[in-house]
Amino acid sequence: MSGAAETRDPEPGLADPGEEVRYRLLRRLDPGDAAGRTMLLGALGDPSWRVRAAAVGRLSLGGAALAQELVDFLAPGGTAGRRNAAAGALARIGPPAVPALVRALESGGAELRTGAAEVLGHVGDPAAAGPLAARLADADPNVRAAAAGALGGVRGPVAAAALHGALAGSEPGLRLAALEALAHLGQAPPFPRLAALAAEGATRRPALRLLGLCDEPGAVALLAEALGDRSRSVREAALTALAAQRKRNGRAALAPAGAAVRAAAAADPVLADRCAEVLEGLGEGPALGPVEFRQLRDRIEEHCGVRVRDELSYLMERRLGPRLGALGLPDFAAYHRHLRLAPDRREELDTAAELLTTHETYFFREPRQLRAFSEEILPRLARENGRARRLRVWSAGCSTGEEPYTIAILLLRSGLFPDWDLEVTGTDLARRVLAVAEAGRYGERAFRGPDAEELRPWFEAGDGKWSVREEVRRRVRFARSNLLDRDAEAAPERVDVLFCRNVLIYFDLEARRRVLRTFHRRLRPGGFLLLGHSESLMNLTADFELVHLRQDLVYRKPAGAEALP
């Protein structure tokens with residue numbers, strides 16, 4: 001690859017006009033014309049996201065003739081915005097871009113090979129399966145992982161066979177990527193191999209989830225055994241797989257797991273609803289029919305983005321059923337009318353959304369990511385913000401407050417920010433959990449994480465509870481906010497780090513994209529976005545760059561990036 005495109009500056013004709021003028025000019029250019037093509041390619045590096053998007057739309061009309069020039073923009077040396085724009089144009093060109101992408105995959109540098117693999121996954125052309133399969137043996141681990149992920153998007157027998165082969169290797173990261181790609185394909189490996197992977201720490205959770213697609217009798221027994229695991233995330237994966245088994249093979253197939261599921265529900269009330277999903281029938285009282293379920297699901301989703309999957313209609317019936325009695329309503333059809341027409345409909349919609357979400361959290365959750373935050377991100381922010389001596393962190397979907405208090409403790413404990421203007425903002429839609437957060441008093445269960453004990457010095461004991469010390473409390477504020485409200489006043493501006501862990505999983509695809517656009521606007525250029533380990537921006541947005549830290553992978557808003565419209 002020549003890399004010449006990476007040195008190309010925006011065309012002089014586009015440098016001086018205002019954004020609207022540049023945008024309108026680009027939308028008139030013909031990518032088949034040499035001068036127009038040059039200006040469009042130069043605009044991929046424009047500082048305005050809107051102008052870059054216009055260039056992407058026009059360049060995608062150029063088809064295979066422009067693919068090679070766009071592939072050159074994936075090479076290192078340019079801005080993240082330019083690389084993302086080129087990737088977007090190639091994905092929109094689709095299969096005609098595959099030959100140029102395959103050439104880059106086979107002969108480019110490591111970063112170009114990684115970028116080409118990721119775009120091929122978005123294109124999804126089975127013709128790329130063979131070249132991607134070959135990259136599973138690439139010398140660079142990032143290329144190997146990107147190729148595995150892309151094979152999940154390409155699909156087909158060649159992709160599936162290559163992913164199954166990757167599971168036989170010894171590299172944990174590649175096996176993890178292959179398992180996740182196979183889950184995307186809906187294909188489970190042979191039971192013996194899956195059972196072995198479920199016994200390994202790095203691949204345990206995705207392997208357990210894939211057991212939900214396995215018809216071997218031993219799969220249910222293995223999942224029942226996993227319900228006794230010390231880790232709740234492992235138990236959750238086992239329950240997810242058992243629910244899939246129930247849907248696939250009927251409730252009778254779960255009989256060997258019955259005692260284990262009941263024991264898990266008794267031992268951990270947070271998982272009681274998940275256990276009921278596996279074993280219990282619909283609750284007593286008015287039944288929730290399919291029409292009322294769809295009406296309620298869509299109304300609640302429209303309000304706050306929370307989407308209840310079809311297979312969880314029983315959960316909606318159980319959790320919202322008591323609201324009928326509280327409001328004096330005879331059935332769920334009347335409840336739907338209440339949510340549309342009653343004067344207090346917004347407050348009731350908030351209540352319904354709160355009842356349908358699980359507020360599961362504790363101190364120092366996902367410790368590896370928090371150590372990356374403490375040891376790698378905070379020193380960088382201390383250097384970058386040293387002149388302003390200001391730091392802002394947003395915990396979106398903060399639930400009962402354990403996460404924002406953990407963040408504040410890590411800021412104070414680092415010693416990097418003496419006399420700085422520090423503020424951690426925790427937001428949530430549910431009033432009940434925010435009241436708990438603002439009280440700042442917790443029981444032993446909040447410290448159940450393996451690394452939470454090291455936070456104890458920042459609390460004061462009394463009356464069987466642990467209260468957050470004042471020096472921590474004054475660095476944290478809480479506010480109610482709907483993540484779908486892009487103009488919510490409670491959400492902070494110019495955030496340095498944004499935590500949104502295990503929240504987006506409740507939203508559908510379009511709602512996730514809306515939330516991510518809000519996050520992009522609220523983050524400062526160069527600000528970090530930390531998601532849950534089961535969450536990814538793949539197929540959602542290309543407006544954040546992936547940052548490989550020593551201990552974790554995080555996202556970042558590119559430096560110099562404009563806020564999305």
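Modeller: Before we start, a residue is called buried here if its relative accessible area is under 20%. Keep in mind that this is a predicted model.

Biologist: Fine by me. Are phenylalanine 363 and tyrosine 442 buried or exposed?
Modeller: Take phenylalanine 363, whose relative accessible area is 0%. That is under the 20% cut-off, so phenylalanine 363 passes. Tyrosine 442 falls in the same class, and the word for both is buried.

Biologist: How are the rings of phenylalanine 363 and tyrosine 442 arranged?
Modeller: This is one of ten aromatic pairs in the structure. The ring centres of phenylalanine 363 and tyrosine 442 are 5.0 Å apart, and their planes meet at 80°. Planes over 60 degrees apart set the class, so this pair counts as edge-to-face.

Biologist: How many residues apart in sequence are the parts that this pair ties together?
Modeller: Phenylalanine 363 sits in the loop between α22 (345-356) and α23 (367-384). Tyrosine 442 belongs to strand β3, so the pair ties together parts whose separation in sequence is 79 residues.

Biologist: And phenylalanine 363 with phenylalanine 459: what is the angle between the planes?
Modeller: That pair is edge-to-face too, at 5.0 Å centre to centre. It links distant parts of the chain, with phenylalanine 459 in strand β4, 96 residues from phenylalanine 363 in its loop. Phenylalanine 459 is buried as well, at 6% relative accessibility. As for the planes of the two rings, the angle is 70°.

Biologist: Which residues form one aromatic cluster?
Modeller: We have already met Phe363, Tyr442 and Phe459, and they are among the members. The full set is Phe363, Tyr405, Tyr442, Phe447, Phe459, Trp466 and Phe478.

Biologist: Now the sheet. What is the order of the three strands?
Modeller: It's an open sheet with antiparallel pairing. The edge strands, each pairing on one side only, are β3 (441-442) and β4 (459-462). That leaves β5 in the middle, and the order is β3-β5-β4.

Biologist: Which residue in β5 stands opposite tyrosine 442?
Modeller: Strand β5 covers residues 465-468 and is joined to β3 by two bridges. At one position, arginine 441 stands opposite serine 467. The partner of tyrosine 442 is tryptophan 466.

Biologist: How many bridges join β4 to β5?
Modeller: These two strands form a hairpin with two residues between them, and aspartate 463 in the turn has a positive phi of about 60°. Across the pairing, phenylalanine 459 stands opposite valine 468. The strands run antiparallel, and the bridge count is four.

Biologist: How many disulfides does the structure hold?
Modeller: A disulfide needs two cysteine sulfurs within 2.5 Å. For cysteine 500, buried at 0% relative accessibility, the closest cysteine sulfur is in cysteine 398, 11 Å away, so that is too far for a bond. For the whole structure, the count is zero.

Biologist: Which helix gives the largest share of the largest nonpolar core?
Modeller: That core has 90 residues, and Leu44, Leu70, Leu90, Leu101, Leu132 and Leu242 touch the most other members. Its largest share is seven residues, from helix α12 (residues 172-185).

Biologist: How many residues are in the other core that lies apart from it?
Modeller: Its members include Leu329, Leu356, Ala491 and Cys500. The second core lies apart from the largest one and has a total of 45 residues.

Biologist: Is arginine 37 buried, partly exposed or exposed?
Modeller: Arginine 37 is in helix α3, where the buried residues are Gly36, Met39, Leu40, Leu41, Gly42 and Ala43. Beyond four places in sequence, arginine 37 touches Asp30, Pro31, Gly32, Leu66 and Glu69. Its relative accessible area is 25%, and the class is partly exposed.

Biologist: Last one: which residues is glutamate 301 in contact with, leaving aside neighbours within four places in sequence?
Modeller: Glutamate 301 is found in helix α19 (residues 290-304). With a relative accessible area of 9%, glutamate 301 is buried. The residues in contact with it are Val306, Arg307, Leu484 and Asp508.

How values were computed:
Residues are numbered from 1 along each chain as its sequence is written. This is a predicted model: local features need pLDDT of at least 70, side-chain atom pairs count only at pLDDT 80 or more; totals for chains, interfaces and linings use all residues. Side-chain values use heavy atoms; hydrogens and water are left out. Buried means under 20% relative accessible area, exposed over 50%, partly exposed in between (1.4 Å probe, protein chains only). Contact means heavy atoms within 4.5 Å. A nonpolar core is a set of buried Ala, Val, Leu, Ile, Met, Phe, Trp, Tyr and Cys residues joined through side-chain atoms within 4.5 Å. Two strands pair if DSSP finds at least two bridges between them. Rings of Phe, Tyr and Trp (its six-membered ring) pair if their centres lie within 6.5 Å; planes under 30 degrees apart count as stacked, over 60 as edge-to-face and the rest as tilted.
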